[in-house]
Amino acid sequence: MNYEGAKETAASLPDAVAVPLDVTKYDQCEEFARRAVEAYGQADILIANAAVVISGAVADFDPEKWKFVIDVNLCGAFNTIKAFIPQFRAQGGGVVVEINSKSGKKGSAKNSAYAASKFGGIGLIESLALELAQENIRLNAICPGNLLDSPLWVNSLFKQYARNQGITEEQVRQKYIDQVPMRRSCQYDDIANCMVFLASDDSSYMTGQAINVTGGQQMLP
């Protein structure tokens, strides 16, 4: 949880509110939903974005750390979505967009916890989409490629992957660029553009989808 970062971001936006939230705690998710409705009158769109990445070979992976990734990425998504369902039902509908990953479509060596949590996330979105479709509650997921210029990669993942794979950080970056047919990193705007579409009425006939935004790296459903 990065409450200080959330407050800084909220301060830069009109009418934004920062709320401390540990998505592994369902009571905090309920309070988050309540605060959103209190601030804005209703809650139309939920972006389920909280996630962590801890990588490692299976022989060396601490089971508690493995479970922590699942708790945040999968259970956290369930907790957050569940907390908003009563409000969506009360107002006659709502939209959920889960930020998933290309690792939700394809296994990732020495990254089993993250991939398992993201595979589970797609199953969660598909299942809840079926359950809630007739209540005008739509749920879709975005599966981004690697945001190699993001703080997550620059401050953490390059170091983790270089250590796990026995190569330099620059070699890690080039390895992931080489896997992308468009030969560039995914950028925040690439994700934001898809997010706006899925949150809008332009996608009103779409639910239960997991959309690849990967520069061609992942093409199959």
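Contact here means heavy atoms within 4.5 Å. By that rule, Cys 186 touches Pro 144, Gly 145, Asn 146, Leu 147, Leu 148, Ile 191 and Val 213, with residues up to four places away in sequence not counted. The model is predicted. Cys 186 sits in the loop between H6 and H7. Its relative accessibility is 9%, so Cys 186 counts as buried, the limit being under 20%. The C-alpha atom of Cys 186 lies 12 Å from that of Gln 218, and 32 residues separate the two along the chain.

The overall fold comes next. The chain contains 7 helices and 4 strands. Their order along the sequence is α-α-β-α-β-α-β-α-α-α-β. Along the principal axes, the C-alpha atoms fill a box of roughly 55 × 35 × 35 Å. The radius of gyration is 18 Å, which agrees with the value near 17 Å for a compact globule of 221 residues. Of the 221 residues, 41% count as buried. Contacts between residues 24 or more positions apart make up 68% of the contacts with a separation of 6 or more.

The buried interior can be described through its nonpolar cores. The largest nonpolar core has 26 residues. Within this core, Ile 81, Phe 84, Phe 88 and Leu 139 touch the most other members. Two or more residues each come from helix H2 (26-40), helix H3 (63-91), helix H4 (112-132) and strand E3 (137-144). H3 gives the most to this core, with 7 residues. Phe 84 shows what such a position looks like. Leaving aside neighbours within four places in sequence, Phe 84 is in contact with Phe 32, Ala 33, Ala 36, Ala 43 and Leu 46. Apart from the largest core lies another core, of 11 residues. Val 53, Leu 148, Leu 157 and Tyr 176 are among the residues of this other core.

Two helices were examined as a pair. Helix H5 (residues 151-165) packs against helix H6 (residues 169-178) at an angle of about 95 degrees. Their axes are 8 Å apart. Angles of 65 to 115 degrees count as roughly perpendicular, so H5 and H6 are roughly perpendicular to each other. On the H5 side, the residues that meet H6 are Trp 153, Phe 158, Lys 159, Tyr 161, Ala 162 and Gln 165. On the H6 side, they are Glu 169, Val 172, Arg 173, Lys 175 and Tyr 176. The residues of this contact divide into 6 nonpolar, 1 polar and 4 charged. Tyr 176 of H6 also belongs to the core of 11 residues.

Strand E2 (residues 94-99) holds Val 95. With a relative accessibility of 9%, Val 95 counts as buried. Beyond its neighbours within four places in sequence, Val 95 is in contact with Asp 44, Ile 45, Leu 46, Phe 88, Arg 138, Leu 198 and Ala 199. Leu 46 is also a contact of Phe 84. Phe 88 is one of the four residues that touch the most other members of the largest core. Val 95 and Ala 199 are 104 residues apart along the chain, but their C-alpha atoms are separated by 6.2 Å.

Other positions are exposed, the limit being over 50%. Ala 11 lies in helix H1. Its relative accessibility is 67%, so Ala 11 counts as exposed. The C-alpha atoms of Ala 11 and Gly 145 are separated by 29 Å, with these positions 134 residues apart along the chain. Gln 134 is found in the loop between H4 and E3. With a relative accessible area of 84%, Gln 134 is exposed. Gln 134 and Arg 34 are 100 residues apart in sequence, and 24 Å apart in space from C-alpha to C-alpha.

Backbone angles single out two loop residues. Most residues other than glycine have a negative phi. Asp 15 has a positive phi, near 60 degrees, and is not a glycine. Asp 15 lies in the loop between helix H1 (3-11) and H2. At 67% relative accessibility, Asp 15 counts as exposed. Arg 183 is not a glycine either, and its phi is positive at about 55 degrees. Arg 183 is placed in the loop between H6 and helix H7 (188-199). Cys 186 is found in the loop between H6 and H7 too.

Note on methods. Residues are numbered from 1 along each chain as its sequence is written. This is a predicted model: local features need pLDDT of at least 70, side-chain atom pairs count only at pLDDT 80 or more; totals for chains, interfaces and linings use all residues. Side-chain values use heavy atoms; hydrogens and water are left out. Axes are lines fitted to C-alpha atoms, for helices over the stretch in contact, and angles run from 0 to 180 degrees between N-to-C directions. Angles under 35 degrees count as roughly parallel, over 145 as roughly antiparallel, 65 to 115 as roughly perpendicular and the rest as oblique. Ala, Val, Leu, Ile, Met, Phe, Trp, Tyr, Cys and Pro count as nonpolar, Asp, Glu, Lys and Arg as charged, and the others, Gly among them, as polar. A nonpolar core is a set of buried Ala, Val, Leu, Ile, Met, Phe, Trp, Tyr and Cys residues joined through side-chain atoms within 4.5 Å. Buried means under 20% relative accessible area, exposed over 50%, partly exposed in between (1.4 Å probe, protein chains only). The radius of gyration is taken over C-alpha atoms; the globule rule is 2.2 Å times the number of residues to the power 0.38.
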